[in-house]
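Trainee: Could you take me through one helix of this model in close detail, and then show me what else in the chain deserves a careful look?

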Amino acid sequence: MFKLKRTHTCGQLRAKDIKSIVILSGWVSSIRDHGGLVFVDLRDRYGITQVVFNPERGQELYETARQLRPEYVITIRGTVSARPQGTENPKLDTGEIEVYADSTEVLNRAETPPFEITDESNVSLELRLKYRYLDLRRPIMQKRITFRHKICQTIREYLDDLNFIDIETPVLTKSTPEGARDYLVPSRINLGKFYALPQSPQLFKQILMVAGFDRYFQIVRCFRDEDLRAQRQPEFTQMDMEMSFVDENDIIHVIEGLISRIFDRVLGKKVITPLPRISYKEAMASYGCDAPDLRFGMKIKEVSDIVQGSSFKVFLDVIKSGGQVRGLNAVGCGNYSRKEIDDLTTFVGQFGAKGLAWFKVEESGLNSSITKFFPSEIQQKIHQFMEAKSGDLLLFVADKPKVVSQSLAQLRLHLGYKNKLIDTNTFNFSWVVDFPLFDYNEETKRYEALHHPFTSPHPDDLPILEKKPLEVKARAYDLVLNGVELGGGSIRIHDTEIQKRVFRLLGIDDDSAYKKF
């Protein structure tokens, strides 16, 4: 049993508490022995309070303080005092006061930690994860976890106000065909059989809709056996929801309200709604990806029709084989050296591009080693179409559409950050809508659902579902923030016959569908 029991946190005391007797518990963040006095910064998740040990209040207490080391866990009792004039610390919420200790209790001693428990620690991720309990003591990590908690609380309050019900769904389930590999768990009772950890509660929430729970949500753990990427983790948490008797606009309205509430309550920022919407086709054409960063311009433009009037064989061969030529205007980059342009060529090569054609825009016209292949009238059309001005740099990729899109999308972002075109303090939301229902896998030679097999086709496209499946639009929508997909969803198919038609296009017969779903 502790002799001293905490009365206040280390981030709680203010000038109004001066002369109060308090008991604080926490971790020793730092120690400063000034010969006559020992100063200890005592830390908990609420903040830091400076504790002063004065030998006049007890030599034994003072000697105990001199033996303290970083990350010792202690409890102290003392009197709150005003800091001497000129020694206040405006960086701390408790910076106007300090506590003169008259008693202390060492609850736990600690070895010297492998890294400093500060936000400034430059520590490898491997070391942080090895000593995760120490990493989580750092103020920035505690702020992030608290921030996440506040978001979850806001989500629950908002959705509860709209009559959503928080329902847990099973974790051990059967494997279903989704976008990634499943994590498998062997069954002890049924030898040779396995459970699958859910990639999402997809089937369960559809069951809930059939059961009459018209508004469901869950902050749920999901598992996908994928390689690590910046925005892909094997284990992650998502806010999952489902609604009945609604259309796309109803769902978008709910989500926009949720985003507004989170930003207002947690960040103290206003989000203006309704959020802008752009089509998948426009996103791919202008930004090369379906999650565009709209904080800056530099749109991608296709020049295939224009450059067909040139004699540049690289462009002409690509166009003839069904490819395309697209480019962007790197405004103000006409002073790039040949090495810098070569570096950009190497950069796009990571994404499959076989080269990077370029023109420097000068007062006299376009300047490049390939200018000779382009008649003056074609140069003028490129100049005008790309909205070029003297001092700009025009960059082009010629290849298959997917390679061109990915290469220029990444190049656009690379140049945006390199040239400081992106305001990192801005939150730019958008909806991407009108996705294709299907994609075609060239390797397997079959159609695949771009989202999942339960996404509803647009009613206007039902007549061409079997005839022109790649032209069919899905009733799907993604929410994008600063080039990152925050989430997405779709209207589900509720008509059995339409679902069967979609399954057949995906190569799923009735028996297989019954077994899988």
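**Helix H11 and other local features**

Mentor: Before we come to helix H11, let us begin with another helix, H6, which covers residues 248-267 and holds Leu-267. Please keep in mind throughout that this is a predicted model. Leu-267 has a relative accessibility of 35%, and because buried means under 20% and exposed means over 50%, with partly exposed in between, Leu-267 counts as partly exposed. Together with Phe-147 and Phe-427, Leu-267 makes a nonpolar surface patch of about 250 Å².

Now to helix H11, which runs over residues 376-385 and in which Ile-378, Gln-379 and Ile-382 are buried. When you look down the axis of H11, these buried residues fall within an arc of 100°, so they line one face of the helix. What do the buried residues of H11 pack against? Their partners are helix H8 (304-307), strand S15 (365-367) and strand S16 (393-399). On the face of H11 that is turned away from the buried side you will find the exposed residues Ser-376, Glu-377, Gln-380 and Gln-384. Just after H11, the backbone of Glu-387 takes a positive phi of about 50°.

A positive phi also appears elsewhere. Met-298, although it is not a glycine, has a positive phi of about 55°, and this residue sits in the loop between helix H7 (280-287) and strand S12 (301-302). The relative accessibility of Met-298 is 13%, which is why it counts as buried. Asn-482 is likewise not a glycine and has a positive phi of about 50°; its place is the loop between strand S20 (476-481) and strand S21 (484-490). With a relative accessible area of 15%, Asn-482 is buried.

The loop that follows H6 on the way to strand S11 (277-279) contains Pro-274. The peptide bond leading from Thr-273 to Pro-274 is cis, and its omega is near 0°.

Let us turn, finally, to the aromatic rings. A pair of aromatic rings is described by the distance of the centres and the angle of the planes. Rings count as a pair if their centres lie within 6.5 Å, and by this rule the count comes to 15 aromatic pairs. One of them joins Tyr-131 and Tyr-133, whose centres are 6.4 Å apart with 70° between the planes, an edge-to-face arrangement. In this pair Tyr-131 is partly exposed, at a relative accessible area of 23%, whereas Tyr-133, at 52% relative accessibility, counts as exposed.

Why is the pair of Tyr-440 and Tyr-447 described as edge-to-face? The ring centres of Tyr-440 and Tyr-447 are 5.2 Å apart and their planes stand at 65°, so the pair is edge-to-face, since planes over 60 degrees apart are given that name. Tyr-440 has a relative accessible area of 26% and is therefore partly exposed, and Tyr-447, with 24%, is partly exposed too.

There is also an aromatic cluster, formed by Phe-312, Phe-315, Phe-359, Phe-373, Phe-374 and Phe-396. As you go back to the structure, you might start again from H11, with Ile-378, Gln-379 and Ile-382 buried and Ser-376, Glu-377, Gln-380 and Gln-384 exposed on the face turned away from them.

How values were computed:
Residues numbered from 1 in each chain as written. Predicted model: local features only at pLDDT ≥ 70, side-chain atom pairs only at ≥ 80, totals over all residues. Heavy atoms only, no water. Patch = residues over 30% accessible without salt bridge, like charges linked within 9 Å, V, L, I, M, F, W, Y side chains within 5 Å. Areas by Shrake-Rupley, 256 points an atom, 1.4 Å probe, with all protein chains shown as cover. Salt bridge = Lys/Arg side-chain N within 4 Å of Asp/Glu carboxyl O. Helix = DSSP H or I, 4+ residues; strand = E, 2+ residues; numbered from the N terminus. Buried < 20%, exposed > 50% of the residue type's maximum accessible area, 1.4 Å probe, protein only. Arc of directions from axis to C-beta. Contact = heavy atoms within 4.5 Å. Phe/Tyr/Trp six-rings, centres within 6.5 Å; stacked < 30°, edge-to-face > 60°.
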